[in-house]
Every structure is written in structure tokens, then in C-alpha cells.
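Me: I want to go through this structure and ask for the reasoning behind each label. Short replies, please.

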Amino acid sequence: MAEVVALHFNLYEDGDNYWSIEPVGTESFDLKNEDWCCDEIFDFGTREAPLIWKEEKAWNEILDEMVKILKKYLEQGKHANILKKYQGVGIGFVDGDVKMLFIK
């Protein structure tokens, strides 16, 4: 069985000002190829139940807000050390670019 080497937070625009996010584990990590985040092997049980919220903002504002929240967690969060054991942690909309939050 493949091992999770990196984490990615998939963002979705669900319509009518609804947004969702799901963390996934990937079996590859390559800064030169953003497709590493498509190599999902683990979804933490969130595929069928992602975190969903309603917020009246543009997609780029949602992305910026989530980047800020996750970076703060990686700096100060109670379990940040668990996330930092992976080679990298990224975030992005599933049809967009990856923003790196942490690189080991």
C-alpha cells in the first residue's frame, strides 16, 4: 500500500456563496509538477462530508482567507507538528494552482 507523503486542501466553489474544503493525502510531492496533489490516496473520511460554509466573497478572497487560516495553524496550532511531518502541505481550488503552505 502506498504511503501518504504530502497533504493538500482541496477547495470547491459550490455555488450560491457556498464553499467547501477537504484535506487529502497524496502519494507524491513534486514542486516542479503541481499534479502531485492529484495523486490522492487518502481523504480522511471527508470526501462524502467536506467542511461547508456560506460566505459572500470572490473565489480569490476565499483562497486568501483559507491560506491565512491554515498558515496560522501551521505556526501555532495544537497539532501542527502532525501536519509538518509530511514533505509538503498545499491548498488550492481543484481546477486551479497550488499554493504551498509548508515545505519540509
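Me: Which residues make the nonpolar surface patch?
Reply: Ile-41, Phe-42 and Phe-44 make this patch, which covers about 260 Å². Bear in mind that this is a predicted model.

Me: Why is Phe-44 called partly exposed?
Reply: The relative accessible area of Phe-44 is 39%. Buried means under 20% and exposed means over 50%. The value of 39% lies in between, so Phe-44 is partly exposed.

Me: Where is Phe-44, and what is its phi?
Reply: Phe-44 is in the loop between E3 and E4. Its phi is near 55°, a positive value in a residue other than glycine.

Me: Which residue has a phi of about 65°?
Reply: Asn-17, which is not a glycine, has that positive phi. Asn-17 is found in the loop between strand E1 (6-15) and E2.

Me: What makes Asn-17 partly exposed?
Reply: Asn-17 has a relative accessible area of 30%. Buried would need a value under 20%, and exposed a value over 50%. Neither applies at 30%, so Asn-17 is partly exposed.

Me: How do you know that Arg-47 and Glu-22 form a salt bridge?
Reply: Their side chains meet at 3.0 Å, N to O. The cut-off is within 4 Å, so the pair qualifies.

Me: Where in the chain are these two partners?
Reply: Arg-47 is in the loop between E3 and strand E4 (51-54), and Glu-22 is in strand E2. The pair links distant parts of the chain, 25 residues apart.

Me: Are Arg-47 and Glu-22 buried or exposed, and why?
Reply: Glu-22 has a relative accessible area of 1%. That is under 20%, so Glu-22 is buried. Arg-47 is at 36%. That falls between the 20% and 50% limits, so Arg-47 is partly exposed.

Me: Which acidic residues does Lys-57 pair with?
Reply: Lys-57 meets Glu-55 in a salt bridge at 3.2 Å, N to O. Lys-57 also forms a salt bridge with Glu-65, the closest N and O atoms being 3.0 Å apart. Both distances are within 4 Å, so both pairs count.

Me: Why is Glu-55 called buried?
Reply: Glu-55 has a relative accessible area of 18%. The limit is under 20%, so Glu-55 is buried. Glu-65 is at 24% and is partly exposed.

Me: Which residues are joined into one network?
Reply: Glu-22, Glu-40 and Arg-47 are joined by salt bridges that share partners. A search of the whole structure finds four salt bridges.

Me: What makes the surface patch with Glu-27 negative?
Reply: Glu-27, Glu-34, Asp-35, Asp-39 and Asp-97 gather there. Asp and Glu count as negative, so the patch is one of negative charge.

Me: Where is Glu-27, and how do you know that it is partly exposed?
Reply: Glu-27 is found in the loop between strand E2 (18-26) and strand E3 (40-42). Its relative accessible area is 43%. That is between 20% and 50%, so Glu-27 is partly exposed.

Me: What pattern does the protein follow along the sequence?
Reply: The pattern is β-β-β-β-α-α-β-β. That comes to two helices and six strands.

Me: Why is the protein called as compact as a globular protein of its length?
Reply: Its radius of gyration is 13 Å. The globule rule gives 13 Å for 104 residues. The two values are close, so the protein is as compact as a globular protein of that length.

Methods:
Residues numbered from 1 in each chain as written. Predicted model: local features only at pLDDT ≥ 70, side-chain atom pairs only at ≥ 80, totals over all residues. Heavy atoms only, no water. Patch = residues over 30% accessible without salt bridge, like charges linked within 9 Å, V, L, I, M, F, W, Y side chains within 5 Å. Areas by Shrake-Rupley, 256 points an atom, 1.4 Å probe, with all protein chains shown as cover. Charge placed at Lys NZ, Arg CZ, Asp CG, Glu CD. Helix = DSSP H or I, 4+ residues; strand = E, 2+ residues; numbered from the N terminus. Buried < 20%, exposed > 50% of the residue type's maximum accessible area, 1.4 Å probe, protein only. Rg over C-alpha atoms; globule rule 2.2 N^0.38 Å.
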